[in-house]
Amino acid sequence: MPRFTVHIRDEWLAVPCRDTSNTIQWLGQEALKRYIKNKPDNGGITAVKDTRFVARRCQGLGLLDADDTIDDVLEDNDFVELAIEGDTMSPDFIPCEPGVSHLYPYTRWKFYISLDGNSLMSTDLINLGRGLYKIKLTPEAERKVVQSRELLDTIVKENKVVYGITTGFGKFARTVIPVSKLKELQENLVRSHSAGVGNPLSPERTRMLLALRINVLAKGHSGVSLETLQAMIQAFNASCLSFVPEKGTVGASGDLAPLSHLALGLMGEGKMWSPTSGWADAKYVLEAHGLKPISLKPKEGLALINGTQMITSLGAEAVERAQAIAQQADIIAALTLEVLKGTTKAFDSDIHALRPHPGQIEVAQRFRSLLDSDHHPSQIAESHRFCDRVQDAYTMRCCPQVHGIANDTIAFVQNIINTEINSATDNPMVFAERGETISGGNFHGEYPAKALDFLAIAVHELASISERRIERLCNPSLSELPAFLVNEGGLNSGFMIAHCTAAALVSENKVLCHPSSVDSLSTSAATEDHVSMGGWAARKALRVIEHVEQVLAIELLAACQGIEFLRPLRTTTPLEKVYELVRSVVKPWMKDRFMSPDIEAVHRLLLDQKVWNVAKPYIDKYQTEYIPESRPVSPTAFSLDSPASPRNKCASDTSDFQPLISIP
């Protein structure tokens, strides 16, 4: 029989419905009848049939017409919010922020990722967050989890005193807890530590957090039972996601507050979100998906909340987005250089072989692959072949050096994050093969905290240098283009304030790039006397990266607008493809119009990596077909390099080089 969960004021009510041809009005009145039964004063409602109300689906907040049939507008197990006339919306109701979730309906998932605690990568975690896969354990992981739990059960049975299992926590580590209260101990731990504040993580980020905690527990060193771990997996696969506030962790002893909120929902307490329910009481969300709340065994509360998974899951998103925007920054800068009629001489492979940082070599190679006029003829480059310009401003000439260190930093941080993803980070650690538990400090978040501070600093520079290129595009004395890239200047302001927006974002990033991990405040009565502040490092790194994406979106818009003033001349084939991609979502700027949607549209292209996907085939082909002819090839240069660029004064003369060898 279909059933619906209706929220009225402070109550969640299950309403069965034998006939779905009944109307929403009928459903609301049935819910009201059940509501007043639970209230000694009938909740102030004198007559159900005379009570006026508004109904809306919890998911998406769509208003429901009272005359619509249930069958037409609701699905079985849907959640509905009922607001009685004269009431404000229930304070317990947490609307799902519009646009926050892009999850695939979980009923459509067909593929699984098998977790063993050792092989998950940041890209996998992002895909799990997006709802592209379900989770299952490998047989080896199941075996290790069972062995670990058997050791803990033995410890409890033998009445041994072990931290976190038969004792209190932190300052109370010397307080021994009776066996009869061990379950209560774990439940109290989760409840008391659920003390975070702020907006909830988005469903995608909560899925990442839950998936990562499952992966860590799958290592078999936390002592969680297989039953509890499987219950967590079932909740993940159904997208039953706890309310996890984004603030409250100091990054040691792990991310206690956010992970406690994650565990609290799994216990059937607090709030949860699912694609079908929206936000609702956790016990009702679990019940609607045929799931039962987790019943914690000794040590399991501690196993669920002690670790660096908040820092690391947000860090995984940060490093993946950083890598995507860094790749696309090279393409955008190359397009700007074309519009400003710059030279490619500074990207000569021999120059970069003398300072062989991998990122610098790779960026220079990308510029050559996009701008080499012999490989991709450019009418714009041909138009200034014999100009007298010797060198360009640093914002163009030094892209390999500035973008390069961002690339190398991203690679460094990605290694840290991927190591952390597959690390056991709670305490105490359970070693079944040794038959003992050992207290340590793997929960300390200094590794990902420091790495993410480095990431923010490095990636910010992509926006800093981009903003200066935007200035050059908009400034007629530097670009030889109309002021602010618009005709009839004065009547039209063009890109004047778009550049101001870029400057504002870069300035904001300067503050956000102050490292959070240089700070530490003693907590837990000086038991936890040094902390990482990694949660803030992760959150602000994401904010910095978002700003970088937005600044580069503005530069890409400006560069494409600059192309309009150089027509009918055409740039290289890969850059023309980038221009066409942008013009598929944003038309040329003929006169002033509402600009924010244009910036958002191009930002979405960058988020979806469409700019990279358009240019990548040309970059790959160039890299595999050519290697430098003028010098011996080192292992690093062999993998990243391609022909020396031209030696004349302007970018377009590339008659010097010939390909030597194809790289298989």
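Here are some notes for a first look at this structure, which is a predicted model.

1. Start with the sheet. Five strands make up an open sheet, ordered β2-β1-β5-β3-β4, with mixed pairing. The edge positions go to β2 (11–16) and β4 (63–64); each has a single partner strand, so one side of each has no neighbour in the sheet. Helix α1 (residues 24–37) packs on this sheet and touches β1 (3–8), β2, β3, β4 and β5. The direction of α1 makes about 125 degrees with that of β2.

2. Next, zoom in on one pair of strands. β3 (residues 53–57) and β5 (residues 79–84) run antiparallel to each other, with five bridges between them. If you want a landmark, look for Phe-53, which sits opposite Ile-84 in β5.

3. Now the interior. The largest nonpolar core has 157 residues, and those with the most contacts inside it are Ile-214, Met-232, Leu-452, Leu-455, Val-459, Phe-495 and Leu-556. Apart from that core lies another one of 22 residues, including Val-6, Leu-13, Ile-70 and Leu-74. As background, nonpolar side chains in soluble globular proteins tend to be buried together.

4. Leu-556 is worth a click. Setting aside neighbours within four places in sequence, Leu-556 is in contact with Ile-332, Leu-335, Val-578, Val-582, Val-602 and Val-611. The last of these, Val-611, is one of the buried residues of α23, along with Trp-612, Ala-615, Ile-619 and Tyr-622.

5. That brings us to α23 itself (residues 610–625). Its 16 residues should span 22 Å at 1.5 Å a residue, and the end C-alpha atoms are 24 Å apart, which agrees. There is a kink of about 40 degrees at Lys-616, shortly before the proline Pro-617. The buried residues of α23 pack against α11 (309–339), α13 (358–371), α20 (534–564), α21 (573–583) and α22 (596–607).

6. Helix α5 (residues 182–193) gives another check on length: with 12 residues, α5 reaches 17 Å from first C-alpha to last, close to the expected 16 Å. Its buried residues are Leu-182, Leu-185, Gln-186, Glu-187, Leu-189 and Val-190. They pack against α4 (139–157), α8 (256–266) and α10 (300–305).

7. Finally, is Ser-277 buried or exposed? This serine lies in the loop between β11 (271–274) and β12 (278–281), yet Ser-277 counts as buried because its relative accessibility is 0%. Beyond its neighbours within four places in sequence, Ser-277 is in contact with Cys-58, Gln-59, Phe-79 and Val-285. Its C-alpha atom is 38 Å from that of Lys-450, 173 residues apart along the chain.

Notes
Residues numbered from 1 in each chain as written. Predicted model: local features only at pLDDT ≥ 70, side-chain atom pairs only at ≥ 80, totals over all residues. Heavy atoms only, no water. Helix = DSSP H or I, 4+ residues; strand = E, 2+ residues; numbered from the N terminus. Expected span 1.5 Å × (residues − 1). Bend = angle between axes of the 7 residues up to and from the residue. Buried < 20%, exposed > 50% of the residue type's maximum accessible area, 1.4 Å probe, protein only. Contact = heavy atoms within 4.5 Å. Core = buried A, V, L, I, M, F, W, Y, C linked by side-chain atoms within 4.5 Å. Pairing = 2+ DSSP bridges. Axes fitted to C-alpha atoms, helices over the stretch in contact; angles between N-to-C directions.
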